[in-house]
Amino acid sequence: TFIGGTKGSHIVVSAFEGAPDDAYYVEAAADGRPFFIIPWNGLYLIGTTDIRYDGDLNRIRASEAEVDYLLDETNRVFPAAQLTRASIHYAYSGVRPLPRPEASITRKHIIRPNREIASGLFSIIGGKLTTYRNLAEQTVDRLAKPLGRKLPGCRTQDLRLPGAFGLDEAAAALEATGAVSADEAQRLLRVYGGRALDVLALLNDESSSLVEAET
């Protein structure tokens, strides 16, 4: 196989003494790995770990060692925080599908032509959400070569993400509906941007369907 997974775990806590207003990038004293302390929806998201994982993908959870690691490193950076396990609202984990070189796992992605299964088949190995635009650009450029295509310049770096449009209109429409509180409206806008109305429409459609089913 070309995939070598690593498990990343995160914890979510309330604001703590000395908590930063902005995201912090930190290198852990224990092993030098990078992790982040990020203000997130009124709480703080702390992570991630990076541990090789070959176990059951249906049973992924943060280990006690990972939780202690994140707590200890955060308390080291912010001594007044005094975070404990009781400070944690919840933890979550995931496995990154990274390329597996012979010696170690790399965070880089690989675009690999396959000569064994089918001619003209390319596989993307690795990659992650935060770099998907760059990966897509590289993939299109890589496919253009065997096809003999000359491509126009890539525009992805100049295009805004979905939800980056119509923020003011969405805010006004959410307020006008009266279906959500001011805090709920702000949360929807922070997470979905201008597409917050689409989320509200889905909720309204689902509520209508339930009412019709009951009647």
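## Close-up views of a predicted model

**View A. The second largest pocket is lined by L129, T130, T131, Y132, R133 and L161.** The structure shown in this and every other view is a predicted model. The volume of the second largest pocket is about 160 Å³. Sorted by class, its lining consists of three nonpolar, two polar and one charged residues.

**View B. The largest pocket has a volume of about 660 Å³.** The lining comprises 23 residues, and those closest to the pocket centre are H10, T48, R96, K128 and T130. Two or more lining residues come from each of the strands β1 (3-13), β3 (34-40), β4 (43-47) and β6 (88-99). Strand β6 provides the largest share, namely five residues. By class, the lining of the largest pocket holds 10 nonpolar, eight polar and five charged residues. T130 appears in both pocket views: it belongs to the lining of the second largest pocket and is among the residues closest to the centre of the largest one.

**View C. A cis peptide bond joins G47 to T48.** The omega angle of this bond is about 20°. As general background, most peptide bonds are trans. T48 lies in the loop between β4 and β5 (51-52). T48 is also one of the residues closest to the centre of the largest pocket, and strand β4 is among the elements that give two or more residues to the lining of that pocket.

**View D. N41 and Q82 have a positive phi although neither is a glycine.** The general background is that most residues other than glycine have a negative phi. For N41 the angle is about 55°, and the residue is placed in the loop between β3 and β4. For Q82 the angle is about 50°, and the residue is found in the loop between α1 and β6. The surroundings of the two residues are described by their accessibility: N41 is partly exposed, its relative accessible area being 23%, whereas Q82 is exposed at 62%.

**View E. A salt bridge links R85 to E64.** The closest N and O atoms of this pair are 3.9 Å apart. E64 is part of helix α1 (64-77) and R85 belongs to the loop between α1 and β6, so the salt bridge ties together parts that lie 21 residues apart in sequence. R85 is partly exposed, with a relative accessible area of 41%, while E64 is exposed, with 58%. E64, D68 and R85 are joined into one network by salt bridges that share partners.

**View F. Two further salt bridges pair D31 with R33 and D56 with R59.** In the pair of D31 and R33, the closest N and O atoms are 3.2 Å apart. Both partners count as partly exposed, D31 at 40% relative accessibility and R33 at 22%. In the pair of D56 and R59, the distance from N to O is 4.0 Å. D56 is partly exposed, with a relative accessible area of 39%, but R59 is exposed, with 67%. The count for the model comes to seven salt bridges.

**View G. F78 is located in the loop between α1 and β6.** Is this residue buried or exposed? F78 counts as buried because its relative accessibility is 10%, and the cut-off for this class is under 20%. Apart from neighbours within four places in sequence, F78 is in contact with F16, G18, P20, Y24 and I37. One of these contacts, I37, falls within strand β3 (34-40). Between F78 and E66 the C-alpha to C-alpha distance is 18 Å, and the two residues are 12 residues apart in sequence.

**View H. Helix α4, residues 182-192, has the buried residues A185, L188 and L189.** These residues lie on the same side of α4, because they cover an arc of only 95° around the axis. In general, an α-helix has 3.6 residues a turn, so residues three or four places apart point the same way. The face of α4 turned away from the buried side carries the exposed residues D183 and R190. G193 follows α4 and has a positive phi, near 60°.

Methods. Residues numbered from 1 in each chain as written. Predicted model: local features only at pLDDT ≥ 70, side-chain atom pairs only at ≥ 80, totals over all residues. Heavy atoms only, no water. 1 Å grid on protein atoms, 1.4 Å probe; cavity = no way out; pocket = protein on both sides within 12 Å on 5 of 7 lines; lining within 4 Å. Points joined across faces, edges and corners; volume = space filled by probe spheres on them. Helix = DSSP H or I, 4+ residues; strand = E, 2+ residues; numbered from the N terminus. Nonpolar A, V, L, I, M, F, W, Y, C, P; charged D, E, K, R; others polar. Salt bridge = Lys/Arg side-chain N within 4 Å of Asp/Glu carboxyl O. Buried < 20%, exposed > 50% of the residue type's maximum accessible area, 1.4 Å probe, protein only. Arc of directions from axis to C-beta. Contact = heavy atoms within 4.5 Å.
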